[in-house]
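Colleague: Could you walk me through this one? I'm still getting used to reading structures.

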Amino acid sequence: MKTLLTREELNQGVARMAGQIHDRYADRQLTIISVLTGSMVLVADLIREIDLPMRLGVIEASSYRGATTTRGELTINAKPMLDITGRDVLLVDDIFDTGHTLVKVIEKMQEFNPASVRSAVLLRKHGRQEVQAVPDFVAFDIPDEFVVGYGLDYEDLYRNLPYLAALEEHDLDHHKKLVEVHKS
Ligand code: 5GP
Ligand code: MG
Ligand code: MG
């Protein structure tokens with residue numbers, strides 16, 4: 001695996017984005033909605049850098065996908081979400097790739113009539129966007145590579161890496177072994 005962002009770089013980028021969020025909302029109360037599962041690590045770090053009154057909730061967005069560029073079917077589950085009616089909502093997701101996930105989640109939010117909806121992502125992948133919408137806050141722009149760590153997975157593994165890494169061809173052999181060990 002090739003490290004793209006170290007632990008220190010991630011910390012700095014998240015703190016920088018937290019400052020921008022803080023300044024934008026000034027003294028308003030925030031409702032953070034974490035898009036599961038990829039944003040868990042980011043959200044845990046981000047909210048502790050924002051000194052504003054805030055509520056924290058989750059929404060689930062899942063689409064099956066491997067280390068390829070093909071998109072699976074996207075499903076949104078808003079059942080576990082906090083009440084957001086009349087609230088200033090900040091959606092937090094791990095990565096803005098084609099952008100379809102964020103657009104769908106924002107549409108879902110609108111059904112509950114929030115006062116406002118903005119979005120923050122850890123990563124924006126270069127040259128991949130297929131939608132008009134853009135995230136309001138972006139910590140890092142990265143090249144078009146499949147990345148894992150700091151919450152992001154490949155087949156549900158690697159979310160716990162404290163750094164962000166690009167998966168390379170030879171990592172896939174190691175990955176297959178991890179999967180096989182589990183099955184045996
Ligand atoms: P989008 O709908 O913007 O194309 O994709 C968003 C979702 O796809 C992300 O929330 C993430 O779950 C997944 N995704 C997109 N690119 C990557 C990547 O490079 N690595 C990982 N682990 N997931 C990705
Ligand atoms: Mg996701
Ligand atoms: Mg994933």
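**One helix and one ligand shell**

Modeller: Sure, and keep in mind that this is a predicted model. Let's begin with helix α1, where L10, V14, M17, A18 and I21 are buried.

Colleague: How wide an arc do those buried residues of α1 cover around the axis?

Modeller: An α-helix has 3.6 residues a turn, so residues three or four places apart point the same way. That fits here: L10, V14, M17, A18 and I21 are the buried ones. They sit on the same side of α1 because they cover an arc of only 110°.

Colleague: And which residues of α1 are exposed on the other side?

Modeller: We've just seen the side of α1 with the buried residues, which pack against β1, α2, β5, β6, β7 and β9. Turn to the other side of the helix, and the exposed residues there are E8, G19 and D23.

Colleague: How far apart are the end C-alpha atoms of α1?

Modeller: Helix α1 runs over residues 7-25, so it has 19 residues. At 1.5 Å a residue it should span 27 Å. The model agrees with that, because the end C-alpha atoms are 27 Å apart.

Colleague: Now the ligand: which element gives the largest share of the shell around ligand 1?

Modeller: There are 16 residues around ligand 1, and D97, T98, H100, T101 and L152 come nearest. At least two residues of the shell come from each of β5, α3 and β8. The largest share is four residues, and it comes from β5.

Key. Residues are numbered from 1 along each chain as its sequence is written. Chains are lettered from A and ligands numbered from 1 in the order in which they are written. This is a predicted model: local features need pLDDT of at least 70, side-chain atom pairs count only at pLDDT 80 or more; totals for chains, interfaces and linings use all residues. The expected span of a helix is 1.5 Å times one less than its number of residues. A residue is buried if 20 or more other C-beta atoms lie within 10 Å of its own, exposed if 12 or fewer, and partly exposed in between; C-beta atoms are placed from the backbone. The arc is that of the directions from the helix axis to the C-beta atoms. Two residues are in contact if their C-beta atoms, placed from the backbone, lie within 7 Å. A residue is near a molecule or strand if its C-beta atom, placed from the backbone, lies within 6 Å of it.
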